[in-house]
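Visitor: I should like a close look at one part of this structure, with its surroundings described as well. Please keep the account connected, and give the values where they exist.

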Amino acid sequence: MISYAECGLNGRWYEPPIPPKGLARAYRATAHHSSALQYKRDQLVRHFKPSRLLDRRNFADFALNYLTMGNGYLERRDSISGRPLKLVHSPAIHTRRGKDEGEFYWVPGYRNEVPFAPGSVFQLYETDLEQEIYGVPEYLAALQSAFLNEQSTLFRRRYFQNGAHAGFVFYLNEATMSDEDADDIEEALEGAKGVGNFKNLFIHAPGGKKDGVQIIPIGEAAAKDEFLGIKQATTEDVLASHRVPPILLGFVPHNAGGLGSIIDAANAFHINVATPIMMRMMEINDWLGEEAIAFEAFQPMAKTGAPL
């Protein structure tokens with residue numbers, strides 16, 4: 001298979017098909033996106049058994065990078081005699097795969113690369129159907145929903161920061177009001193922007209006719225009505241891509257039926273989601289030739305919260 005990943009500036013390594021910095025920024029795009037990734041990481045760490053080669057800290061970093069970036073890297077540090085001493089996590093945001101087999105580079109900046117020792121880096125990647133050099137995160141299909149969720153929140157935040165923005169037309173057609181009165185109203189509206197916004201505006205027009213003063217919304221009314229719908233629909237997309245039951249993330253139910261049993265959800269998540277990830281991570285044992293990663297046996301939770 002031919003990869004569509006591009007080579008670096010010097011032609012010695014491949015650039016990932018999706019910029020890692022973009023994925024890192026998207027990590028905090030929505031609360032449920034980052035929370036789902038952290039929950040998966042925490043459950044993996046919870047069952048991880050530290051070994052002579054891999055401690056809990058490096059495993060936790062490795063797990064979060066794999067889940068977020070679709071790529072996880074562990075560098076093998078050897079003794080003088082050539083025996084493995086320990087495994088150290090290498091952040092995926094700066095780790096690049098070289099053109100030759102078993103070749104990796106640490107690329108923190110422009111023309112600032114450092115080659116790893118040949119054959120010393122293990123790469124665990126989520127399969128991409130278009131190339132075999134790098135992995136892509138499994139939640140990629142829901143990333144646009146996460147961005148829409150983020151943008152809707154930012155839109156509402158900007159609106160509350162600037163309550164007098166041009167979201168309406170102030171229509172004044174009152175004969176009893178002079179040009180000076182109109183200028184005073186315009187000045188008051190301008191002064192309501194930014195700090196000290198949402199000020200009340202008083203208009204005194206004795207003898208005025210009905211509808212002489214009107215506030216006509218442009219698009220804010222429709223946007224306000226759609227806000228909660230956008231938030232709910234995009235959150236459902238994100239949670240579906242992560243396959244994390246909403247009740248495990250503190251999701252508030254929108255109906256009287258609730259979200260079901262948290263114990264049943266936790267058991268199902270471990271069997272259907274966490275266990276397959278653990279099995280993938282144990283590939284490093286085959287690469288290394290000894291056991292570096294192992295997990296405790298799963299014990300289903302009883303209704304009381306204690307293992308069965």
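Guide: The account below takes one helix and its packing partner, and then turns to several individual residues elsewhere in the chain.

The model is a predicted one. The protein chain holds 8 helices and 8 strands, and buried residues account for 39% of its 308 residues. Of the contacts between residues at least 6 apart in sequence, 67% link residues at least 24 apart.

The part chosen is helix α3, which covers residues 56-69. Its 14 residues reach 20 Å from the first C-alpha to the last, close to the 20 Å expected at 1.5 Å a residue. At the N-terminal end, aspartate 55 acts as a cap, with a side-chain oxygen 3.4 Å from the backbone nitrogen of arginine 57. Just after the helix, glycine 70 adopts a positive phi of about 80°.

Helix α3 is mostly covered, with 11 of its 14 residues buried. These are Asn58, Phe59, Ala60, Phe62, Ala63, Leu64, Asn65, Tyr66, Leu67, Thr68 and Met69. What do the buried residues of α3 pack against? Their partners are the helices α1 (20-26), α2 and α7, together with the strands β1 (71-78), β2 (84-90) and β6 (121-125).

Among these partners, α2 can be described in detail. Helix α2 (residues 31-47) packs with α3 at an angle of about 145°, and the two axes are 9 Å apart. The crossing of α2 past α3 is right-handed. On the α2 side, the contact is formed by Leu37, Lys40, Arg41, Leu44 and Val45. On the α3 side, Arg56, Phe59, Ala60, Ala63, Leu64, Leu67 and Thr68 take part. By class, the residues of this contact comprise 8 nonpolar, 1 polar and 3 charged.

Helix α2 itself has 17 residues and a reach of 25 Å between its first and last C-alpha, close to the 24 Å expected at 1.5 Å a residue. Its buried residues are His33, Ser34, Ala36, Leu37, Tyr39, Lys40, Arg41, Gln43, Leu44, Val45 and His47. Charged residues are thus found in this list, including Lys40 and Arg41, and both of these also belong to the contact with α3.

Strand β6, one of the partners of the buried residues of α3, leads to a second set of residues. Glutamine 123 lies in β6. Is this residue buried or exposed? Glutamine 123 is classed as buried because its relative accessible area is 12%, under the 20% cut-off. Its side chain forms a polar contact of 3.2 Å with the side chain of asparagine 71, and also reaches the backbone oxygen of isoleucine 133 at 3.2 Å. Beyond its neighbours within four places in sequence, glutamine 123 is in contact with Asn71, Gly72, Tyr73, Arg97, Phe104, Ile133 and Tyr134.

One of those contacts, phenylalanine 104, is placed in strand β4 (residues 104-106). Phenylalanine 104 is buried, at a relative accessible area of 6%. Apart from residues up to four places away in sequence, it touches Tyr73, Thr95, Arg96, Arg97, Gly98, Pro115, Phe116, Val121 and Gln123. The C-alpha atoms of phenylalanine 104 and tyrosine 73 are separated by 10.0 Å, although the two residues are 31 apart along the chain.

Threonine 95, which phenylalanine 104 touches, belongs to strand β3 (residues 95-97). With 0% relative accessibility, threonine 95 counts as buried. Its side chain makes a polar contact of 2.7 Å with that of serine 90. When residues up to four places away in sequence are left out, threonine 95 touches Tyr73, Ser90, Phe104, Tyr105, Trp106, Phe116 and Tyr134.

Two loop residues complete the account. Glycine 119 sits in the loop between β5 (114-115) and β6, and it is partly exposed at 31% relative accessibility. Its C-alpha is 9.2 Å from that of glutamate 75, a residue 44 places away along the chain. Glycine 119 touches Arg76, Gly102 and Trp287, residues up to four places away in sequence not being counted.

Arginine 243 lies in the loop between α6 (220-242) and α7 (262-281), and is partly exposed with a relative accessible area of 40%. Its phi is near 60°, a positive value in a residue other than glycine. Most residues other than glycine have a negative phi.

Definitions and conventions. Residues numbered from 1 in each chain as written. Predicted model: local features only at pLDDT ≥ 70, side-chain atom pairs only at ≥ 80, totals over all residues. Heavy atoms only, no water. Helix = DSSP H or I, 4+ residues; strand = E, 2+ residues; numbered from the N terminus. Buried < 20%, exposed > 50% of the residue type's maximum accessible area, 1.4 Å probe, protein only. Polar contact = N/O pair within 3.5 Å; in protein donor to acceptor, adjacent residues only side chain to side chain. Contact = heavy atoms within 4.5 Å. Axes fitted to C-alpha atoms, helices over the stretch in contact; angles between N-to-C directions. Left-handed = near helix turned anticlockwise from the far one by under 90°. Expected span 1.5 Å × (residues − 1).
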